[in-house]
Amino acid sequence: NRGQFISKGIELIVVPVLLGLLYWQLDETFQYVQSKLGLMFLMLFYWNYSCYISVLPVEQFDRVSYKREIRSSMYSAWSRMISKSVIRLPFETLYTIVFVTLIYWMAGLDASAE
């Protein structure tokens, strides 16, 4: 769906930029560490619910064709679910890489334990 792809792209740019601006150049204190943990929580929370919410409109419109194909025994519900998951996997991977890359540099996350 082209509209969903464009809206997800806009969301993919706006949300990490806003989160990155919230955590831009914080002082390195104990509150800094707590803020970074809060950012990690927000990122996980966003991605969990983003995946659920993005599937709901698509499934609502596919319901008629889904019921027709199940009644005619074209394939099982299990195989449909697996195929839709495999098709969405490259897009979700791309979205995650772009999202994390933007936030990583803006919020000053680094791999050191200092």
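Let's start with a contact between charged groups: the side chains of R88 and E92 meet in a salt bridge, with 2.8 Å from N to O. Keep in mind that this is a predicted model. The general idea is familiar: side chains of opposite charge can pair when their charged atoms come close. Here the N-to-O distance of 2.8 Å for R88 and E92 fits the cut-off, which is within 4 Å. The structure holds one salt bridge, so with R88 and E92 you've already met it.

Where does this pair sit? R88 and E92 both belong to helix 3, four residues apart, or about one turn of the helix. As for cover, R88 has a relative accessible area of 27%, so it counts as partly exposed. E92 comes in at 14% relative accessibility and therefore counts as buried, since buried means under 20%.

Now for the nonpolar side of things. F5, I6, I10, I13, V14, L18, L21, I87 and F91 form a nonpolar patch on the surface, and together they have about 870 Å² of accessible area. Which helices each supply at least two residues of this patch? They are helix 1, spanning 2–22, and helix 3, spanning 77–106. Helix 1 gives the most, with seven residues.

For a closer look at one member, take F5, which is part of the patch and has its place in helix 1. Is F5 buried, exposed or partly exposed? Its relative accessibility is 44%, so F5 counts as partly exposed. That value also clears the bar for joining a patch, because patch residues need over 30% relative accessible area.

Technical notes:
Residues are numbered from 1 along each chain as its sequence is written. This is a predicted model: local features need pLDDT of at least 70, side-chain atom pairs count only at pLDDT 80 or more; totals for chains, interfaces and linings use all residues. Side-chain values use heavy atoms; hydrogens and water are left out. Patches are made of residues with over 30% relative accessible area and no salt bridge: like charges are joined within 9 Å, nonpolar side chains (Val, Leu, Ile, Met, Phe, Trp, Tyr) within 5 Å. Accessible areas come from the Shrake-Rupley method with a 1.4 Å probe; for residues, only the protein chains shown count as cover. Buried means under 20% relative accessible area, exposed over 50%, partly exposed in between (1.4 Å probe, protein chains only).
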